[in-house]
Amino acid sequence: MILFAILAFYAAQTEAQPRWTVMQCMQYAVEHNHEVRRAELELDNYKVAQASAAGRFLPAVDASIGAQYNFGRAIDPETNGYTDVSTFYNGYSVQVSLPVFDGFNRLHALKAAKASVLMGHQALRQQQDQIALNVLQAYVNVVYDEGMVRMAQEKLQETELLLRQTRLLEEVGRKSAADVALVESQHAEADYEVTRQQNLLAAALLELKKEMAYPLSDILSVVSPLDDAKSKSYQLGISDYHRQDAMQPFCSPLHPALQQAQYQVETSKHEWSQARASLFPTLSLSAGLSTTYYKTLHAQTASSFGKQFSNNMGEYVGVTLSIPIFNRMQTVTNIRKAKNNYQMACEAYEQQHAELEKLSCEAWLDWRGYLKQTAQMEKKVEADSLAYQLTYHQYGEGLSTAIDLHTTLAQLLHSKATLLQCRLMAMVKEQLVRYYQGMTIWTE
């Protein structure tokens, strides 16, 4: 009685919890999944790199202050001769430098950084879509296992009714003890199957919580897409074959994985140009101010700090031209590596495009196949249900055995399970087709 009360309380708590739709599960996962958060941080790093590349176009300003005590023999800055007395020297300087021409190195670096940011956006979207697909598959597994639990419970109820009926028939002499023992065996098998399916459901729920980054200790109750009448995208009365013409087997150029590969090609191209820019000379401008203060220690007379600071003030403007001649083959090797990286990125793009085209066609063919299988299994379930009802009546009249009844019931439940699987897999494959067409599957 205590165990029954605990199970009843748990069931009541489960019913009180709000039931999650597949869309809510995917959105929750996209917002809380750790891999998505890592992709967001990686995108922020790309944005920081872009800001750094843009900052290279601004002038660099440096300021310095130095102080120096001289003990013993040193040069007197007033007379420019040697002295043996201790002195104190203080210097101040401000310098501004600006590169004028660097072979468009900074320009290509900025373009590469911009392409990296776009690539980061697509990587984030791809990670979000992948998490949504993982949650969709885990959600479907939960719904399927829930259906299998219900079917196992239905089978258990049917065997309980059959066991009571067989015992009554034994009392009136129409069934033997062997028939009762056989039905009792079937009842025990059905009871075991309920327990097994409940364990599979618990494991499926645990996997769904993990994919969603949902607290494992909290209760999670899902609503079957078969019962969710609010979302037309997940309706599974799949005798609608005209929907097959609404989507075609092609991979959209807007697919995040394909765009990510494309931006990688663009980034590698600019990095190659950036490496070639090292062959050009660089021209830079610089300007600055500097002043000093000098005092002989223990001297009775010395110019004031303000006077020396003003009198020793100097300004300068400079132009620097740097011509690369030989740097131990570093430039040549860097250019060659950057070129190889660009060619590898082009090959990766072509490979990704071909792979996505293949996966898109496979998903479309699977979707069509599951639609047809669903229509066929609906007819089979009707036929098996009729066969079971006829066999059940024949068993009561003594025209069939418990083995015949067990066989027809098992066949009916197997057909129902296959129908449920076909419906759910049709939903999964439909979302895969939409995914390969560049649509976002985890938003309304």
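Buried means under 20% relative accessible area, exposed means over 50%, and partly exposed lies in between (1.4 Å probe, protein chains only). By that scale glutamate 211 is buried, at 14% relative accessibility.

The structure is a predicted model, in which local features need pLDDT of at least 70, side-chain atom pairs count only at pLDDT 80 or more, and totals for chains, interfaces and linings use all residues. Residues are numbered from 1 along each chain as its sequence is written, and side-chain values use heavy atoms, with hydrogens and water left out.

**Salt bridges**

A salt bridge is a side-chain nitrogen of Lys or Arg within 4 Å of a carboxyl oxygen of Asp or Glu. The structure holds twelve of them; three are tabulated here.

| Pair | Closest N and O atoms |
|---|---|
| Lysine 210 and glutamate 211 | 3.5 Å |
| Glutamate 378 and arginine 423 | 3.1 Å |
| Lysine 380 and aspartate 384 | 2.9 Å |

Glutamate 378 and arginine 423 meet in a salt bridge. This pair links distant parts of the chain, 45 residues apart: glutamate 378 is in helix α8 (residues 330-396) and arginine 423 in helix α9 (residues 402-436). Helices (H or I, at least four residues) and strands (E, at least two) are DSSP runs, numbered from the N terminus. Glutamate 378 is partly exposed at 24% relative accessibility, and arginine 423 is partly exposed at 21%.

Lysine 380 and aspartate 384 both lie in helix α8, four residues apart, about one turn of the helix. Lysine 380 is partly exposed at 33%, whereas aspartate 384 is buried at 9%. Elsewhere, Glu207, Lys210 and Glu211 are joined into one network by salt bridges that share partners.

**Sheet**

Four strands form an open antiparallel sheet in the order β2-β5-β7-β8. Its edge strands, β2 (60-70) and β8 (314-322), each pair on one side only. Two strands pair if DSSP finds at least two bridges between them. Strand β5 (residues 87-101) pairs with strand β7 (residues 282-296) in the antiparallel sense over 14 bridges. Leucine 98 has leucine 285, in β7, as its bridge partner.

**Nonpolar surface patch**

Leu285 also belongs to a nonpolar patch on the surface, formed with Phe57, Val100, Phe101, Phe104, Leu107, Leu279, Phe280 and Val319. Together these residues have about 810 Å² of accessible area, computed by the Shrake-Rupley method with a 1.4 Å probe, where for residues only the protein chains shown count as cover. Patches are made of residues with over 30% relative accessible area and no salt bridge, with like charges joined within 9 Å and nonpolar side chains (Val, Leu, Ile, Met, Phe, Trp, Tyr) within 5 Å. Leucine 107 lies in helix α4 (residues 105-171) and is partly exposed, with a relative accessible area of 33%.
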